[in-house]
Amino acid sequence: MTGTAAAAYTVIGMISGTSYDAVDAAVADFQLAGDELLLHPRGLHSQEIPGQLRARIAAMLPPRPTTLHEVARLDTELGQLFGAVAAAAGQRFAGRPADLVVSHGQTVYHWVEGGRALGTLQLGAAAWIAAATGTATLYDLRTRDITRGGHGAPLASTLDGLLVLSDGARRGSLNLGGIANITVRADDGRLIAYDIGPASALLDSAATDATGGAERMDTGGTGAARGIVDTPLLERLLAEPYYALPFPKSTGKELFHADYVRAAAGDHVIATDDLLATLTELTAVLVGRACRAHRLDELVVAGGGVRNPALMARIAARCAPARVRLIDEFGLPAQAKEAYLFALLGFLSAHGLPGTVASATGARSAAILGSFIPGRDPLRLPEPAPRPPLRMRITP
């Protein structure tokens, strides 16, 4: 049932993904109307991460060593960058002062052992964001779920459950970032979500290696389109034990990094375009397996990977006869989904509502996410909402 909508609550949601190429900030108004949550997207502001900062992030990611000095420097400098991006997004899109800023930060380590997530680390000191915007800021959105036995991922499952999977259709929601993750409903109605495996993480590394850093990605999938899949290498990559683990499960660049591909190739010499074609096929095979395993009729795709026609074409072929659609058809731009996701999680936390679905992350129970930092004024949160929404609708 839908009731009278409450007053609008404006949130700026920010994400810098595993490709660490840009900071995205989405501005959204939210209103609760009975069992329905209304999301009015105001716009997405993206700012490229400067090349020198990108290089320093890359230089500290596993398996490379780093120092506490560099961790502290990056935490500060990323916080300052996120603060500038949030302030610019608010000035550009917010029709009124934002009530909350939410920052996912930059993931530099996701600690998983024996199928359990034990910790996670995102850099980007949120106090700098609160100082730059004067607005209360929410950060550290994954740890609370991990304390309850969950993976702290994929958090996209919360948005997926409310927007894409709320009508009972046999549909999956796929996000193609550095890592590909999927959300589906089980036959009993439970939400299931997990990281499938690499998407742009390995492709970007291969393109960077091949060009000496001149190119950071296979832009438009042109290299993969020219190449031929190396079947022996693809079979070695598909033998990765992670893929056989039961879900829920999560992974990241701690496993899928540039050295991973080099180790898999060994002494085998492979042309760059053929390597890109093989890594593209790897992601498509993994997504196709998930489509068949969950007997999907439709797959709704979001994330930066939608800009890669070669990848999208191979996913469509591997998932057939399931229909592949973009999340744009549900009202959100495909490349802005994750930023709007963190705006949604901020709204839920501010209203005392869980931001996770326990069956999706593997936690013992759902959790209210994050830690708050006051803005220029004392921290004041809205009255807790009486119950979580059952669905979400995008309003024009």
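The exercises below work through a predicted model, covering one helix, a lysine, the nonpolar cores, backbone exceptions and salt bridges.

Residues are numbered from 1 along each chain as its sequence is written, and side-chain values use heavy atoms, with hydrogens and water left out. Because the model is predicted, local features need pLDDT of at least 70 and side-chain atom pairs count only at pLDDT 80 or more, while totals for chains, interfaces and linings use all residues.

**Exercise 1. Helix 10**

Task: Compare the span of helix 10 with the expected value, then state how many of its residues are buried.

Solution.
Step 1. Helices (H or I, at least four residues) and strands (E, at least two) are DSSP runs, numbered from the N terminus. Helix 10 covers residues 272-293, which is 22 residues.
Step 2. The expected span is 1.5 Å times one less than the number of residues. For helix 10 this gives 32 Å, and the end C-alpha atoms are 32 Å apart, so the two agree.
Step 3. Buried means under 20% relative accessible area, exposed means over 50%, and partly exposed lies in between (1.4 Å probe, protein chains only). Of the 22 residues in helix 10, 16 are buried, so the helix is mostly covered.

**Exercise 2. The surroundings of K249**

Task: Where does K249 lie, and which side chain of opposite charge is nearest?

Solution.
Step 1. K249 sits in the loop that runs between helix 8 (231-238) and helix 9 (258-265).
Step 2. A salt bridge requires a side-chain nitrogen of Lys or Arg within 4 Å of a carboxyl oxygen of Asp or Glu. In assigning charge, Lys and Arg count as positive and Asp and Glu as negative; His and the chain ends are not counted.
Step 3. The nearest side chain of opposite charge to K249 is E240, 9.0 Å away; K249 is buried and has no salt bridge.
Step 4. The K249 side chain does reach the backbone oxygen of Y242, at 3.1 Å.
Step 5. Contact means heavy atoms within 4.5 Å. With neighbours within four places in sequence set aside, the contacts of K249 are H151, Y194, D195, Y242, Y243 and A244.

**Exercise 3. Nonpolar cores**

Task: Which residues have the most contacts inside the largest nonpolar core?

Solution.
Step 1. A nonpolar core is a set of buried Ala, Val, Leu, Ile, Met, Phe, Trp, Tyr and Cys residues joined through side-chain atoms within 4.5 Å.
Step 2. The largest such core has 93 residues, and L174 and L299 have the most contacts inside it.
Step 3. Outside four places in sequence, L299 is in contact with residues including L174, I182, V287, C291, I315 and C319.
Step 4. Apart from the largest core lies another of 27 residues, among them I57, L81, F82 and A89.

**Exercise 4. Backbone exceptions**

Task: Which peptide bond leading to P154 or P248 is cis, and what is the phi of D140 and of R295?

Solution.
Step 1. Most residues other than glycine have a negative phi, and most peptide bonds are trans.
Step 2. The bond from A153 to P154 is cis, with omega near -10°. P154 belongs to the loop between helix 4 (143-147) and helix 5 (156-164).
Step 3. The bond from F247 to P248 is also cis, with omega near 5°. P248 is in the loop between helix 8 and helix 9.
Step 4. D140 has a positive phi near 55°. This residue lies between strand 6 (137-139) and helix 4, and at 28% relative accessible area D140 is partly exposed.
Step 5. R295 has a positive phi of about 50°. R295 lies in the loop between helix 10 and strand 10 (298-302) and is partly exposed at 46%.

**Exercise 5. Salt bridges**

Task: How many salt bridges does the whole structure hold, and which parts of the chain does the pair of R391 and E36 tie together?

Solution.
Step 1. Side chains of opposite charge can pair when their charged atoms come close. A search of the whole structure finds 24 salt bridges.
Step 2. R391 and E36 form one, at 3.9 Å from N to O. R391 is in strand 13 (residues 391-394) and E36 in strand 3 (residues 36-48), so the pair ties together parts 355 residues apart in sequence. R391 is partly exposed at 27%, whereas E36 is buried at 8%.
Step 3. E70 and R56 form another, with the closest N and O atoms 2.8 Å apart. E70 is in helix 2 (residues 68-93) and R56 in helix 1 (residues 51-60), 14 residues apart. Both E70 and R56 are buried.
Step 4. R325 and E329 are joined at 2.9 Å between the closest N and O atoms. R325 is buried at 13%, and E329 is partly exposed at 46%. Salt bridges with shared partners join D167, R171, E298, R323, R325 and E329 into one network.

Notes
A polar contact is a pair of N or O atoms within 3.5 Å; within protein, one must be able to donate a hydrogen and the other to accept it, and residues adjacent in sequence count only if both atoms are side-chain atoms.
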